[in-house]
Amino acid sequence: MAARRRLPFWADYLLLPFLNLSLAFLVSGLVVLLLGENPIAAVKLLLYGAFGFGEAVGYTLFYATNFIFTGLAVALAFHAGLFNIGGEGQAALGGLGVALAALWFGHLHPLLAIPLAVVGAALLGGIWGFIPGWLQARRGSHTVITTIMLNFVAASIMTYLLVNVIIKPGQSAPETVTFAENVWLPQLHGLLQPLGIAIGRSPLNLAFPIALLCALLVWIYVWKLRLGYELRVVGRSEPAALYAGISPATHIVLVMTIAGALAGMMALNEVLGAQHRLVLGFTGGYGFVGIAVALMGRNHPLGVVLAALLFGALYQGGAELAFDMPRINRDMIVVIQGLVILFAGALEHMFRPTLEALFVRTRPVPV
Amino acid sequence: MNDLFLQVLLLADSTLRLATPLVLAALAGLFSERSGVVNIALEGKMLGGAFAAAAAAQLTGSAFAGLFAAIGFAVFLALVHGFASITNRGDQVVSGMALNIMVAGLGPTLADAWFGQAGRIPVTAEGARFRPLTLPFAEEIREVPVIGPIYAELLSGHNILVYLALLAVPLVAWVLYRSRFGLRLRAVGESPEAVDTAGISVAWMRYRALIVAGVLTGIAGAYLSVAQNASFLRDMTAGKGYLALAALIFGKWRPLPALLACLLFAFADAVQARLQGVEVPLVGTIPTEAIQAIPYLLTILLLAGFVGRAVAPKAIGQPYVKER
Amino acid sequence: MGAEAAAAGVDETPAVELRGICKSFGPVQANREVDLAVAAGTIHGIVGENGAGKSTLMNILYGFYQPDAGRILVDGRPRRIRSPLDAIRAGIGMVHQHFMLVEPFTVLENLLLGAEGGFTLEAGIARARREIEAIERDYGLEVDLDAVVRDLPVGVQQRVEILKALFRGAHILVLDEPTGVLTPQEADHLFRILENLREQGRTVVLITHKLREIMAVTDHVSVMRGGRMVAHRRTSETSTEELAELMVGRKVLLRVEKGPARPGEPVLEVAGLEVRDDFDVPRVRDVSFTVRAGEILGIAGVAGNGQSELLEALAGIRRPSRGRILLRGRPVEDAARARARRLGHVPEDRLRMGLVRSFTAWENAILGYQRLAGYLRGGFLRRRRMIAGCVDWMERYDVRPRDPFLHAADFSGGNQQKLVLARELEHDPDLLLVGQPTRGVDIGAIEFIHRRLVAMRDAGKAILLVSVELEEVMSLADRILVMFDGRIMGEMAAEEAEERRLGLLMAGVTAEAG
């Protein structure tokens, strides 16, 4: 058997995702037609709503921040061959960590209080990732099922605590008191104003650069460190890992803990950067969107950032769209997410044979 | 004494009602997972069924039209699942997640556009709901001690889908262990290559399993929106699909144990609803969230091998590719 | 009757005739214009090296793959075989190299699968019991129909496969490398069954790369090389030497040239070793031996008699449940530390263990050595140094194509094995564990690998060689141990080893008892 050449890099990482994405949007367009609206007009409104003015861009980036965190949480676990569907629960627990830190240490100096809140988010999210990691590594329980189950357990814990324990006294809505301002993550429009840069008012905050930093660190971890090399061996072949003296269990526990911590840090953006209090259900499905983001970004941190921007734009643009087109509501964005996961994830190989055949024909390989 | 008996009966009665969609969905999962396709999409297919049932029943005024619409839509979703994971050999979990998310958005979107109600479809049309059936002689023998109330309160007075779900269990067990389809189904989840070399199409077997699963999840969905309740609501499955999956695992992918697991989980749910705010002697108020979390915790413990051991069909999760 | 049939010396309608079969997988041409005629009521052997296209051809006959061109005739009639079902209907049965059985099913359920005879199983079960008992009697294929397949020994599982084909009415039976998992004695039993089938008028096609089997049992033999059919012979009119030459296309040295060993210090000492598998079943029992510097110790045995578990334990991958393993006098703790103490390991299954298929060649070239100080700078990989090293080894071990960025899965078997060998030899081990070094490797690479191993030995390294190819062990090793059911059945010097005695030991028969 002679060597077989695969698709060139650009076709694999750009053309293929582009084709898949186009198909997802095409089907979304059909749904819009089904709703009785004009898809072209909808796209225009969506794009304007996402990028048309300063605040819009701010909101787009704000949502993207959530998706970078949850997307990285899924993508990183993928490299160990694990499917982390637990982003939702990990993010919820991360929110609890943020809230506890903010309630206990909110009176301290921001330079002390904010890092403590970051640690709180990463710690509790990390614990919620550690559990399925440990169960997978030591007891062989599949993470797909355990992370789903833990999402529900997390929801129960959060409901119990927010209804009975850390609820703001004297009210019925399940949320905590507003945190001390010391621990709020500074919003970027406020930070940039003194420098003479005016961006619109939006909840975009310091969590955004933190998310970008996390993406960079994940990239270094997976592709530059020995740890990442070993992690990828574990993800692709457990027998090969054992052969190479790598402990799959150690790496699985480590990577799930880090993934949980990343998902947990999503709470920085929502809880510490925007709402400034813990509200039940603040995760709003962002943990699940992380799956779409990771698949779309082909589990590469740069891809995750780009896909997160796309989804941020969809969220923000979709909100504006729902406002302007009465027959479309915000759930339409959820439909598009589902279609993107379907076409970019489950059907990612649909065009591959055709493309490969095309490339073989145009560039014959010496046998 | 009599009062306690009645309480127990009522508890059993609501267990049965709550178990119905779980049983149907768990059996659906059984077909698909025994064939080698992980069915994380039970949730979405059920929700899709609930949506289609409510929409069709409300428009036509016929509960059966709703039921068939639910089956039709759930089977359509099953075919999409199959196209992605069987024909195109995509990841079964990813495609399942995609369906769940897509349907979660599609239902409210269409409900909004077509019925003008924010994310819900009320089922108000005459005849659009499955009504409780009174079994023969239920009233007559009500006064007979013990048997009377059991018959009249517990067994009688459910809608047809509840009985259908209960009948489905022995039927599925028979099909699985005594029929040609069942033999091939069990084989294709363990060793698809053996099935292929025996001259049976692996893809078609798996498609058929998914279609059966679609029918069952469709019925489960219809039960939610036009039998148990009278409307379609956003996220009205509320994790029942995942719970059914847990029950299936708990039942080790076998029909009768899966039924028992569904009853156990439904019982926990029924108890939880009754204990809301009730002071239990010696214990105090039990947080209902703790009871709600029990099925999930039990499943995790089972999967971890702390209580028994669940071994999945061997070929589960893997797209079938001829070697080379 | 075609010209091909005449060429093969057949003078009546062949049971199977293939004409001009072509099949490509992407740019690889697995079959080119292949013609074959198999006379009815004969045993017909097909020989060829790994990758010669034998299995592809038979999988086309069985409907597993569709040919790009060519025709299939069964009993003189053209047939379109688009699926295994078509093949079964045409009376063709196949016993695959890897058994196609549902392990948790009973034998009966396996036989019924695809031949249930109705919507319910009841009627089919009764019919099957009757018919199968008749078949069992006729061919001497005793199997307990109610036994669960998982619990049966491989030899019996193979009989289930043959029964399955006969139950489905096969009068043409194709067997793909059927003896790979059998002892020589079990293989002889199989051959008696095949002769039985021939006497009853059935046709048998036997695919193998072992010439001994061809000579022992077939009537005709066809030779494949590089996807083409290169010769047809009557078995009685050919010889092992001629067939070997036809297979390879040139004269082959069946023996490795090597001088006498000069054993030195003990490098590996194993005493009272017991190793259990994942199901806690002891697979290696009370094994003791020593490997010295400058010698090759060979372990012969049928696959599945504990060799894999032994290798894994020696390499530190699997923890022994009893006994000790000393490498240069100190116990082996785990795989990482064993490597650091100069243990090299060419694993039995390179694609499962020795390589990561979707990693590039350079990433694979450091697998297992990723902790070496030379490859790291403060936890970061020194990528450029690794690539340069890989390019150098590809040159010296003639790995083709010389592309360090190609994925491991895209190299041929022989080149993959050379890459693994380069990695393990170039890290200069004191002890080298080698499992099945030439499995799925073409003859050119086999010679290269054998010469390298002998050169290692002559450089004073200790080598432990595990192989199921008796010929390979006999020609490479200086001393030979035979393993059966987890135990060492006997030891002999290579000069004294003879195939019959080794075969008996491999079957668990000790000299005294036999």
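The following exchange between a biologist and a modeller goes through helix packing, chain contacts and some backbone details of a predicted model.

Biologist: At roughly what angle do the axes of helix α3 and helix α13 of chain A cross?

Modeller: Helix α3 of chain A covers residues 54-79 and helix α13 of chain A covers residues 301-324, and their axes come within 7 Å. Angles from 65 to 115 degrees count as roughly perpendicular and those over 145 as roughly antiparallel, and the angle of this pair falls in neither range, so α3(A) is oblique to α13(A). The crossing is right-handed, and its angle is roughly 135°.

Biologist: How many nonpolar residues does the contact of α3(A) with α13(A) have?

Modeller: On the side of α3(A) the contact includes A:Tyr63, A:Phe67, A:Ile68 and A:Leu72, and on the side of α13(A) it includes A:Val304, A:Val305, A:Leu309 and A:Phe311. Four residues of this contact are polar and none is charged, and the number of nonpolar residues is 18.

Biologist: Where the axes of helix α1 and helix α10 of chain B cross, what is the rough angle?

Modeller: Helix α1 of chain B spans residues 2-34 and helix α10 of chain B spans residues 240-250, with axes that come within 8 Å. α1(B) passes α10(B) in a right-handed crossing, to which α1(B) contributes B:Leu22, B:Ala25 and B:Leu30 among others, while the residues from α10(B) include B:Leu243, B:Ala247 and B:Leu248. The contact divides into ten nonpolar, two polar and two charged residues, and the axes cross at roughly 60°.

Biologist: Which residue of chain A is among those that touch the most other members of the largest nonpolar core?

Modeller: The largest nonpolar core has 406 residues, and B:Ala247 and C:Leu61 are two of those that touch the most other members. The chain A residue in this group has contacts beyond its neighbours within four places in sequence, including A:Ile291 and A:Leu295 in chain A as well as B:Val94, B:Met97 and B:Ile101 in chain B. That residue is A:Ile341.

Biologist: How many residues of chain A are in contact with chain B?

Modeller: On the side of chain A that touches chain B, the elements that give two or more residues are α5 (110-139), α6 (143-165), α12 (286-296) and α14 (331-346). By class, this side has 23 nonpolar, twelve polar and four charged residues. The partner side consists of 37 residues of chain B, and the number from chain A is 39.

Biologist: How many residues of chain C are in contact with chain A?

Modeller: The side of chain C that touches chain A draws two or more residues from each of α11 (335-340), α12 (350-354) and β18 (380-381) of chain C. This side has 16 nonpolar, eight polar and five charged residues. Across from it are 21 residues of chain A, and the number from chain C is 29.

Biologist: How many of the eleven residues of helix α9 of chain A are buried?

Modeller: Helix α9 of chain A, residues 226-236, is mostly covered, and the elements covering its buried residues include α3, α8, α10 and α11 of chain A together with β18 of chain C. Among the buried residues are A:Leu227, A:Tyr229 and A:Val233, but also A:Glu230 and A:Arg232. The number buried is nine.

Biologist: Is A:Ala244 buried or exposed?

Modeller: A:Ala244 lies in the loop between α10 and α11 of chain A, and leaving aside its neighbours within four places in sequence, A:Ala244 is in contact with A:Val233, C:Leu367, C:Gly368 and C:Gln370. A residue counts as buried when 20 or more other C-beta atoms lie within 10 Å of its own. A:Ala244 has 26 such atoms, and therefore A:Ala244 is buried.

Biologist: Which peptide bond in chain C is cis, with omega near -10°?

Modeller: Most peptide bonds are trans. The proline of the cis bond, C:Pro401, is found in the loop between α14 (383-396) and α15 (413-426) of chain C. The cis bond runs from C:Arg400 to C:Pro401.

Biologist: What is the approximate phi of B:Ala238, which is not a glycine?

Modeller: Most residues other than glycine have a negative phi. B:Ala238 is placed in the loop between β2 (231-232) and α10 of chain B, and counts as partly exposed because 14 C-beta neighbours lie inside 10 Å. Its phi is positive, at about 45°.

Conventions: Residues numbered from 1 in each chain as written. Chains lettered and ligands numbered in written order. Predicted model: local features only at pLDDT ≥ 70, side-chain atom pairs only at ≥ 80, totals over all residues. Axes fitted to C-alpha atoms, helices over the stretch in contact; angles between N-to-C directions. Helix = DSSP H or I, 4+ residues; strand = E, 2+ residues; numbered from the N terminus. Parallel < 35°, antiparallel > 145°, perpendicular 65-115°, else oblique. Left-handed = near helix turned anticlockwise from the far one by under 90°. Contact = placed C-beta atoms within 7 Å. Nonpolar A, V, L, I, M, F, W, Y, C, P; charged D, E, K, R; others polar. Core = buried A, V, L, I, M, F, W, Y, C linked by C-beta atoms within 7 Å. Buried ≥ 20, exposed ≤ 12 C-beta atoms within 10 Å, placed from the backbone.
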